[in-house]
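The following note sets out several points on the model shown below. Each point is confined to one residue or region.

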Amino acid sequence: MAANCLMYWVTRQHRWLKEYKGRSYSVSCKHLGTQPTKEASRKAANDWWEKKQTEIDTALGLAKKHPAHLLDHYE
């Protein structure tokens, strides 16, 4: 059964990458605290991305109600 990856694996750099709302986000296996392989870090990367996406979407939601500079930062 294929593993569900929310981010793109960059083999040479041992890191995960995601494009979201016009910006690139990346996280290394070292930052995730896992072995530098796709299989070992997939779940941690998915968890990291879900938290990061929530953080971004929350900031955008607040930005629409408050300062425009927050909206510009993420868009």
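1. Asparagine 46 is buried, with a relative accessible area of 10%; buried means under 20% relative accessible area, exposed over 50%, and partly exposed in between (1.4 Å probe, protein chains only). Asparagine 46 belongs to helix H2, residues 38-65. Helices (H or I, at least four residues) and strands (E, at least two) are DSSP runs, numbered from the N terminus.

2. On provenance, this is a predicted model, in which local features need pLDDT of at least 70 and side-chain atom pairs count only at pLDDT 80 or more, while totals for chains, interfaces and linings use all residues. Residues are numbered from 1 along each chain as its sequence is written, and side-chain values use heavy atoms, with hydrogens and water left out.

3. Which backbone oxygen does the side chain of asparagine 46 reach? The partner is the backbone oxygen of asparagine 4, at 2.8 Å. A polar contact here is a pair of N or O atoms within 3.5 Å; within protein, one must be able to donate a hydrogen and the other to accept it, and residues adjacent in sequence count only if both atoms are side-chain atoms. Not counting residues up to four places away in sequence, asparagine 46 touches Asn4, Cys5, Leu6 and Met7, where contact means heavy atoms within 4.5 Å.

4. The backbone oxygen of asparagine 4 is also reached by the side chain of arginine 42, at 3.4 Å. Arginine 42 lies in helix H2 and is partly exposed, with a relative accessible area of 27%. Its C-alpha atom is separated by 8.6 Å from that of tryptophan 16, and the two residues are 26 residues apart along the chain.

5. Strands E2 (residues 15-20) and E3 (residues 23-28) run antiparallel and are joined by six bridges; two strands pair if DSSP finds at least two bridges between them. Tyrosine 20 stands opposite arginine 23 in E3. The hairpin has two residues between the strands, and lysine 21 there takes a positive phi near 50 degrees. Lysine 21 is partly exposed, at 42% relative accessibility.

6. Histidine 14 likewise merits a check of its backbone: its phi is near 50 degrees, a positive value in a residue other than glycine. Histidine 14 is found in the loop between strand E1 (8-10) and E2, and at 36% relative accessibility it counts as partly exposed.

7. The largest nonpolar core has 13 residues, of which Met7, Trp16, Trp48 and Trp49 touch the most other members. Helix H1 (29-32), H2, E2 and E3 each supply at least two residues of this core, and the largest share, five residues, comes from H2. A nonpolar core is a set of buried Ala, Val, Leu, Ile, Met, Phe, Trp, Tyr and Cys residues joined through side-chain atoms within 4.5 Å. Leaving aside neighbours within four places in sequence, the contacts of methionine 7 include Trp16, Leu17, Tyr25, Val27, Ala45, Asn46, Trp48 and Trp49.

8. How many disulfides does a search of the whole structure find? The search finds zero, a disulfide being a pair of cysteine sulfur atoms within 2.5 Å. Cysteine 29 is buried, with a relative accessible area of 2%, whereas cysteine 5 counts as partly exposed at 28% relative accessibility.
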